Amino acid sequence: MFLGTHTPRLDDKGRLTLPARFRDALAGGLMITKGQDHCLFVFPRAVFEEMAHKVAQAPFTNESVRAYQRYLFAGTDEQRPDGQGRISITPDLRRYAGLTKDCVVIGAISRLEIWDASAWERYLDDHEDGYAQAREEVLPGVF
């Protein structure tokens with residue numbers, strides 16, 4: 001399970017050091033893809049393969065399905081962390097997420113999300129009030 005917030009930096013070669021606590025779960029390979037809200041999603045390879053199988057089974061005769069499949073699969077990069085836990089983020093993915101030097105990596109249970117630090121702060125500011133209100137809609141009766 002991926003949890004927490006971490007603040008690594010991109011180096012000059014576009015590499016990001018993954019938080020040490022997640023490295024074992026990602027040692028077998030990972031998939032980086034465009035996420036919603038202009039962040040990147042990082043999935044363990046096995047989790048991505050399971051999700052991709054489900055997405056691939058959707059009816060490709062539906063235009064929205066084809067568009068989603070193309071966007072998801074064309075924008076995905078397979079990586080294996082190096083000995084120092086670093087991954088290379090392609091220029092296209094860095095551009096999509098607006099990544100600069102300062103990044104934020106958050107745990108989102110089954111995946112990590114990589115955000116530009118400024119974009120993450122804006123996201124938090126924009127959604128903080130909605131978080132309390134959404135509780136009942138997202139998790140009725142849990143709290």
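**Aromatic pairs.** I looked up the ring pairs in this predicted model and found eight aromatic pairs. I noted that F41 and F43 pair edge-to-face, with 6.0 Å centre to centre and 90° between the planes. I then checked the accessibility of both partners: F41 counts as buried at 11%, and F43 counts as buried at 6%. I also recorded the pair of W115 and Y123, which is tilted, with 5.1 Å between centres and 45° between planes. Here W115 is buried at 3% relative accessibility, whereas Y123 is partly exposed at 27%. Tracing the ring pairs further, I found F41, F43, F48 and F73 linked into a cluster.

**Helix α2.** F48 led me to helix α2, where F48, A52 and V55 are the buried residues. Seen down the axis of α2, these buried residues fall within an arc of 60°, so they line one face of the helix. I set this beside the general rule that an α-helix has 3.6 residues a turn, so residues three or four places apart point the same way. On the face turned away from the buried side of α2 I found the exposed residues A46, E50 and K54. I listed the packing partners of the buried residues of α2 as β3 (30-34), β4 (40-44) and α3 (63-74). For its geometry, I noted that α2 covers residues 45-56, 12 residues in total, and reaches 16 Å from its first C-alpha to its last, close to the 16 Å expected.

**Nonpolar cores.** I next examined the largest nonpolar core, which has 20 residues; L16, I32, L40, I89, L99, L112 and I114 touch the most other members. I found that α1 (20-26), β3, β4, α4 (91-97), β7 (103-108) and β8 (111-116) each supply at least two residues of this core. The most comes from α4, with three residues. I looked up L40 in particular: leaving aside neighbours within four places in sequence, its contacts include I32, I89, L93, Y96, L99, L112 and I114. I also found a second, separate core of 14 residues, with M31, C39, A52 and L72 among them.

**Cysteines.** C39 prompted a check for disulfides, and the structure holds zero. Why is C39 not bonded to C103? The sulfur of C39 is 12 Å from the closest cysteine sulfur, in C103, which is too far for a bond, since a disulfide requires sulfur atoms within 2.5 Å. I recorded C39 as buried, with a relative accessible area of 1%, and C103 as buried, with 2%.

Terms used
Residues are numbered from 1 along each chain as its sequence is written. This is a predicted model: local features need pLDDT of at least 70, side-chain atom pairs count only at pLDDT 80 or more; totals for chains, interfaces and linings use all residues. Side-chain values use heavy atoms; hydrogens and water are left out. Helices (H or I, at least four residues) and strands (E, at least two) are DSSP runs, numbered from the N terminus. The expected span of a helix is 1.5 Å times one less than its number of residues. Buried means under 20% relative accessible area, exposed over 50%, partly exposed in between (1.4 Å probe, protein chains only). The arc is that of the directions from the helix axis to the C-beta atoms. Contact means heavy atoms within 4.5 Å. A nonpolar core is a set of buried Ala, Val, Leu, Ile, Met, Phe, Trp, Tyr and Cys residues joined through side-chain atoms within 4.5 Å. Rings of Phe, Tyr and Trp (its six-membered ring) pair if their centres lie within 6.5 Å; planes under 30 degrees apart count as stacked, over 60 as edge-to-face and the rest as tilted.
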